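Colleague: I'd like a close look at one helix and what surrounds it. Could you walk me through that part?

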Amino acid sequence: MSSKRYSAIGLVNPKSPTNVGGVMRAAGCYEAEDVFYTGKRYALAASNGNSQYNTDTQAASEIIALTGVESLIDAVEPDVSIVCVDLVEGAIPLPSFEHPEKALYIFGPEDGTINQQLINRADAVVYVPTVGCMNLAASVNVLLYDRLSKSKAMIIGDDLIRSSRDKNNRIKVKRSFNFPK
């Protein structure tokens, strides 16, 4: 890997093409380099036609590979930290977590959890402190946003807004807001 920073998403046996499409969109928005998945449920569900499941409206899947693998851990280089993200007792709350430079973030299936063997192999296990559980795509969005917001590489300002917003959005703030820093 040529870059110093690297992030990838690992999905344990996802079942919903809608959620996987949402994960792909999140990966594109937050510049994750790879998305891997295990299991057969996603491929089976997606083979039934994907137009009704098109939640990747930014076409991130044209830039970021979605790759089925036998082992999520074996899918990345040895210098990549393994971070499991799940509601697991003893996990670190996400607001307190310091993200590694290179990470594979592993998420459990929509209707289950990450198995104990993966949890045991992880360099860290984190959870998003919510009341109840979020869906898979929402969890990936929150995790990747947290990584970006804590990063020195975070870009902010009107240039980012202009390049990121929908083509039908040309709205501007007409007054200034003074918020405490």
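Modeller: Sure, let's start with the buried residues of α4, which are L136, A137, S139, V140, L143, L144, D146 and R147. Buried here means under 20% relative accessible area, with exposed over 50% and partly exposed in between, using a 1.4 Å probe and protein chains only. A helix is a DSSP run of H or I with at least four residues, a strand is a run of E with at least two, and both are numbered from the N terminus.

One caution: this is a predicted model, where local features need pLDDT of at least 70 and side-chain atom pairs count only at pLDDT 80 or more, while totals for chains, interfaces and linings use all residues. Residues are numbered from 1 along each chain as its sequence is written, and side-chain values use heavy atoms, leaving out hydrogens and water.

Now, what do those buried residues of α4 pack against? They meet β1 (6-11), α1 (17-29), β4 (81-85), β6 (102-107) and β7 (124-127), where contact means heavy atoms within 4.5 Å.

At the N-terminal end of α4, N135 acts as a cap: one of its side-chain oxygens sits 3.2 Å from the backbone nitrogen of A137.

R147 of α4 is also touched by P100, along with S81, V83 and Y105, if you skip residues up to four places away in sequence. P100 sits in the loop between β5 (92-93) and β6, and P100 is buried, with a relative accessible area of 18%.

At the other end of the list, L136 is among the residues in contact with L11, as are V20, V35 and F107.

Key. Polar contact = N/O pair within 3.5 Å; in protein donor to acceptor, adjacent residues only side chain to side chain.
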